[in-house]
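Hi,

Here is the structure I promised to pass on to you. Have a look at it first, and then read on for what turned up in it.

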2 protein chains.
Amino acid sequence: MSDSGLDAVKLDGAGPVYDQIRRAIRDLVLNGTWTPGTSVPPEHALMERLGASRMTVHRALVQLAREGLITRRRRSGTVVASPPASHAMLDILSIPDEVRQLGQDYAFEILSRRDGKPAAEVAALFELKRSEPIVHLVTRHLSSGQPHVLEERVIHLATVPAAADEPFETMPAGDWLLQHSLWSQAEHALSAVAAGAREAELLAIGRGEPCLLVERRTWNQSAPVTAVRLLYPGGRHRFVGRFGPYGQV
Amino acid sequence: MSDSGLDAVKLDGAGPVYDQIRRAIRDLVLNGTWTPGTSVPPEHALMERLGASRMTVHRALVQLAREGLITRRRRSGTVVASPPASHAMLDILSIPDEVRQLGQDYAFEILSRRDGKPAAEVAALFELKRSEPIVHLVTRHLSSGQPHVLEERVIHLATVPAAADEPFETMPAGDWLLQHSLWSQAEHALSAVAAGAREAELLAIGRGEPCLLVERRTWNQSAPVTAVRLLYPGGRHRFVGRFGPYGQV
DNA sequence: AAGTGGTCTAGACCACGTC
DNA sequence: ACGTGGTCTAGACCACTTT
């Protein structure tokens, strides 16, 4: 390579040039070739390399910046952005951050961990194949010593092999995954459920009390990354989002 | 006026020209001057009228199209779009549509209606001023005869005066508002609550059973339009959304 | 001072859909 | 055929930030 990854940008000839450029760079970010903090070549370099005018290159970069994949500043240039720690609408939120934003102390404890092929009830709960190796974790998050949310999670080892060697002692699995894996798509479901006996005990609430159940599954380019069920005591938690009729505000 | 509303487009001199054009047209749509279906002048007309280059006008229109406020097609031109009937992430969804999508018959009944200044408990629940005239409605939505969701709503008469004369017999208030009012911003909150005695009876569930409470407040240009509390029996309802780390998919 | 992105122009050609 | 939007160019000047 002659320079900082310029050669990695390759167009596929399909569709408008600005969109080819956008997709080429987006793919370099999503497949991990350009990690967060990596400098993106300046417009004039891309322009020469790709034989496009500056406006066309600019258009691609502006769109990527709007999508949040890159950050642009005059003089200092364009860099690959860090994935957002929280999602404006509904979490993909770091639970430590969530607790600390409420002004409370954060702590967590891993209640159980099992690696390997999932037990039948875990496979059913998360719609897994029995043969698929995973890490299965149950974590309790604490807010100033009080139970905040109960987390049950599976991590797909085929997609995130490094999870097998990670003890998850310094940070909960969700935060570790934000730093050590990529995701391109997520699905959320929200529902209200009554706390079961064990859940009630772990959350220090009464059995049958309403809880908000957040289920999230995450993929990177169609490979499953993780799936998590978060059980919040209903009386104490609300999820708030703001947007306009045509999208987020 | 000499032509189809061209004269209504006025720039304010603040910031980039493309953004002035975007805001000028956006405001004409949001304040109802240009209603859905209205033709937006073609690029060359705006270009002459505003003394900007076609690229600059184009840039403003492309952004408005991306935001969903206008629809553009070659040859036939640009028209003001109809507001989306549902929001991809979390409702602003027509409840009749929601029920019918599940393959069920839809019906609704208005359990109570009161016009005028709010009672103390209503004002408290929706954070209203006691002096503000509203319509207060309690509606039960039915799915094939079974209770589907309980809705309690206030409509701000200062913003939507026509609501005073509307009996809401042919369609529920939410759908009527989608057709007869504009909104530019909404706030949602989700939580899990236990059904109270009266709520449980109206929803045909047990008292204390978990319910998903969706609270939504809607504004148009900072004027409050409506606020609604939707109580869904928890066991039967989930809200699902899909998106990527950088926005909706 | 210099390098980066932000905006804007005046033109060109093309693609598409309606007439 | 024609009018619309979609893309693209080659250049220009400006604004900001770091050196």
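Which element gives the most to the surface near DNA strand C? It is α3(B), with 4 residues. Please keep in mind as you read that this is a predicted model.

**DNA strand C**

Let's stay with this strand for a moment. There are 24 residues around DNA strand C, and those that come nearest are A:R54, A:M55, B:V17, B:S53 and B:T56. Of the atoms of DNA strand C that come within 4 Å of the protein, 60% belong to sugar and phosphate. Sorted by class, the surface near this strand has 10 charged, 7 polar and 7 nonpolar residues.

Some contacts are good ones to find on your screen. In chain A, a polar side-chain atom of A:H44 lies 3.1 Å from a phosphate oxygen of DNA strand C. An N or O atom in the side chain of A:T78 is 3.2 Å from a phosphate oxygen of the strand. With A:R75 the partner is a base: a side-chain N or O atom of A:R75 is 2.8 Å from a base nitrogen of DNA strand C. Both chains give elements with two or more residues to this surface: α2 (43-50), α3 (54-67), β2 (70-73) and β3 (77-80) come from chain A, and α1 (17-30) and α3 (54-67) from chain B.

**DNA strand D**

Now turn to the other strand. The residues that come nearest to DNA strand D, out of the 24 around it, are A:V17, A:S53, A:T56, B:R54 and B:R75. Sugar or phosphate makes up 60% of the atoms of DNA strand D within 4 Å of the protein, and bases make up the rest. The surface near DNA strand D divides into 7 nonpolar, 7 polar and 10 charged residues.

Here, too, you can look for contacts with phosphate oxygens. An N or O atom in the side chain of A:T56 is 2.6 Å from a phosphate oxygen of DNA strand D. For B:R72, the distance from a polar side-chain atom to a phosphate oxygen is 2.8 Å, and for a side-chain N or O atom of B:H44 it is 3.2 Å. The elements with two or more residues at this surface are α1 and α3 of chain A, along with α2 (43-50), α3, β2 (70-73) and β3 (77-80) of chain B. The element that gives the most is α3(A), with 4 residues.

**Salt bridges**

How many salt bridges does a search of the whole structure find? Over all chains, there are 26.

One of them joins the side chains of A:R23 and A:D19, with 3.2 Å from N to O. These two residues are 4 apart in helix α1 (residues 17-30) of chain A, so about one helical turn separates them. A:R23 has a relative accessible area of 19%, which means that A:R23 is buried. A:D19 is buried as well, also at 19%. Both residues belong to a network of salt bridges that links A:D12, A:D19, A:R22, A:R23 and A:E67.

In chain B, B:D19 forms a salt bridge with B:R22, and their closest N and O atoms are 3.0 Å apart. B:D19 and B:R22 are 3 residues apart in helix α1 of chain B, so they too are separated by about one helical turn. B:D19 is buried at 18% relative accessible area, and B:R22 is buried at 12%. Another salt bridge links B:E151 and B:R153, with the closest N and O atoms 2.7 Å apart. Both B:E151 and B:R153 are buried.

**A pocket**

The second largest pocket has a volume of about 520 Å³. Its lining has 17 residues, and A:R59, A:V62, A:R66, B:R59 and B:V62 lie nearest its centre. At least two lining residues come from each of α3 of chain A, α1 of chain B and α3 of chain B. By class, the lining has 6 nonpolar, 6 polar and 5 charged residues.

**Two backbone angles**

Most residues other than glycine have a negative phi. A:R75, which is not a glycine, has a positive phi of about 70°. A:R75 sits in the loop between β2 and β3 of chain A and is exposed, with a relative accessible area of 89%. B:Q221 also has a positive phi, near 50°. B:Q221 is found in the loop between β8 (210-220) and β9 (223-233) of chain B, and at 38% relative accessibility B:Q221 is partly exposed.

Enjoy exploring!

Key. Residues are numbered from 1 along each chain as its sequence is written. Chains are lettered from A and ligands numbered from 1 in the order in which they are written. This is a predicted model: local features need pLDDT of at least 70, side-chain atom pairs count only at pLDDT 80 or more; totals for chains, interfaces and linings use all residues. Side-chain values use heavy atoms; hydrogens and water are left out. A residue is near a molecule or strand if one of its heavy atoms lies within 4 Å of it. A polar contact is a pair of N or O atoms within 3.5 Å; within protein, one must be able to donate a hydrogen and the other to accept it, and residues adjacent in sequence count only if both atoms are side-chain atoms. Ala, Val, Leu, Ile, Met, Phe, Trp, Tyr, Cys and Pro count as nonpolar, Asp, Glu, Lys and Arg as charged, and the others, Gly among them, as polar. A salt bridge is a side-chain nitrogen of Lys or Arg within 4 Å of a carboxyl oxygen of Asp or Glu. Buried means under 20% relative accessible area, exposed over 50%, partly exposed in between (1.4 Å probe, protein chains only). On a 1 Å grid over the protein atoms alone, a cavity is a set of points where a 1.4 Å probe fits but cannot get out, and a pocket is an open set with protein on both sides within 12 Å along at least five of seven lines; lining residues have an atom within 4 Å of a point. Grid points are joined across faces, edges and corners, and a volume is the space filled by probe spheres set on the points.
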